[in-house]
Amino acid sequence: MAEELRKIMFTVRKPPHGTIYVYEGLEVKLIMAAYDADISVVFMDDGVYALQQGQKTGDLGVKGFEATYGVLVDYEISKVFVDRKSMEDRGMTVDDLVVIGEDEDTEEDIKPSVVDAEEISQMMSEQHNILCF
Amino acid sequence: MLHTVNKSPFQNTSLESCLRFVREGDVILLIEDGVVAATVGTSKADMVTEAMKKVDVYALDADVKARGLTRLLDGIKVTDYAGFVDLVDQHKVQSWL
């Protein structure tokens, strides 16, 4: 009997660069993507700052990760969500968000999906594991 | 779902966020500095009391005792480490770190 595909959600709640959490979280996602798992990522609270376009980390001397976010879909991580309230509380709109891939057919940019708390709660309840970064 | 909160609501917004995402029947467990949210007379008490209408809120006994917190809100359930383990065993966990 085939085993049920494991549903693993990453919740990203910390802002980028002040700590290593967001970067480490991204590494873990990419590693997990190598396994057969149903992966989703939710950015909430200060985690939405990690999705801000145009991060230039050169002067900080740390590696940026916008380019890596740009290929999440290629890593088969396409379930990427943003909590609407967290985004709006921080004066951000979908226009501010990084691109996470390109639609194979239309070649249009794919952006994270903006969803409400209720939808996120529902998804959380369906997971096998939730990892918080 | 079990939601664990380990920071004081006066230090960051983890508890507030948690409360925004909990659903009827979920369980919240306050641990470490999170237990201060279980006490009476704080400006956060109403928020916690309101939450207890739809979810069970636990506080970890060792953390409550360690902080000398004796006056807890009505409805707060106090649990020990064994109870903590049971809760984790019974639920999926989201840690609001």
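**Entry 1: strands E1 and E2 of chain B**

I began with strand E1 (residues 2–5) of chain B and found that it pairs with strand E2 (residues 27–30) of chain B in the parallel sense, over 4 bridges. I note here that the model is a predicted one. For a single position I looked up Leu2(B), whose bridge partner in E2(B) is Val27(B). I then followed the chain between the two strands: E1(B), H1(B) and E2(B) make a β-α-β unit, and I recorded its hand as right-handed.

**Entry 2: from E2 to E3 in chain B**

I next asked which strand E2(B) joins through 4 parallel bridges. It is strand E3, residues 56–60 of chain B. Within this pairing, Leu30(B) has Ala59(B) in E3(B) as its bridge partner. The connection from E2(B) to E3(B) passes through helix H2 (residues 45–51) of chain B, and I entered this β-α-β crossover as right-handed.

**Entry 3: confidence**

I checked how far the predictor trusts chain B. Its mean pLDDT is 95, and 100% of its residues reach 70 or more. For the complex, I copied down an ipTM of 0.75 and a pTM of 0.86, both given by the predictor.

**Entry 4: where chain B meets chain A**

I turned to the contacts between the chains and found 11 residues of chain B in contact with 11 residues of chain A. Which elements of chain B give two or more residues to the side that touches chain A? I found helix H1 (14–21) and strand E5 (93–96) of chain B. By character, the residues on this side of chain B divide into 4 nonpolar, 4 polar and 3 charged.

**Entry 5: the sheet of chain A**

In chain A I traced an open sheet of 5 strands, in the order E6-E3-E2-E1-E7, with parallel pairing. Strand E6 (113–115) and strand E7 (129–132) of chain A are the edge strands, each pairing on one side only. I recorded an average twist of 25° from one strand to the next.

I then looked at one pairing inside this sheet. Strand E2 (residues 37–43) and strand E3 (residues 79–83) of chain A run in the parallel sense over 4 bridges. Val42(A) stands opposite Phe81(A) in E3(A).

**Entry 6: a helix across the sheet**

Last, I asked which strands of chain A helix H4 (residues 117–125) lies across. I listed strand E1 (6–12), E2, E3, E6 and E7 of chain A. Helix H4 of chain A runs at about 135° to E3(A).

Notes:
Residues are numbered from 1 along each chain as its sequence is written. Chains are lettered from A and ligands numbered from 1 in the order in which they are written. This is a predicted model: local features need pLDDT of at least 70, side-chain atom pairs count only at pLDDT 80 or more; totals for chains, interfaces and linings use all residues. Two strands pair if DSSP finds at least two bridges between them. Axes are lines fitted to C-alpha atoms, for helices over the stretch in contact, and angles run from 0 to 180 degrees between N-to-C directions. Two residues are in contact if their C-beta atoms, placed from the backbone, lie within 7 Å. Ala, Val, Leu, Ile, Met, Phe, Trp, Tyr, Cys and Pro count as nonpolar, Asp, Glu, Lys and Arg as charged, and the others, Gly among them, as polar. pLDDT is the predictor's confidence in each residue, from 0 to 100. A crossover is right-handed if, with the strands pointing away from the viewer, the path from the first strand over the helix to the second runs clockwise.
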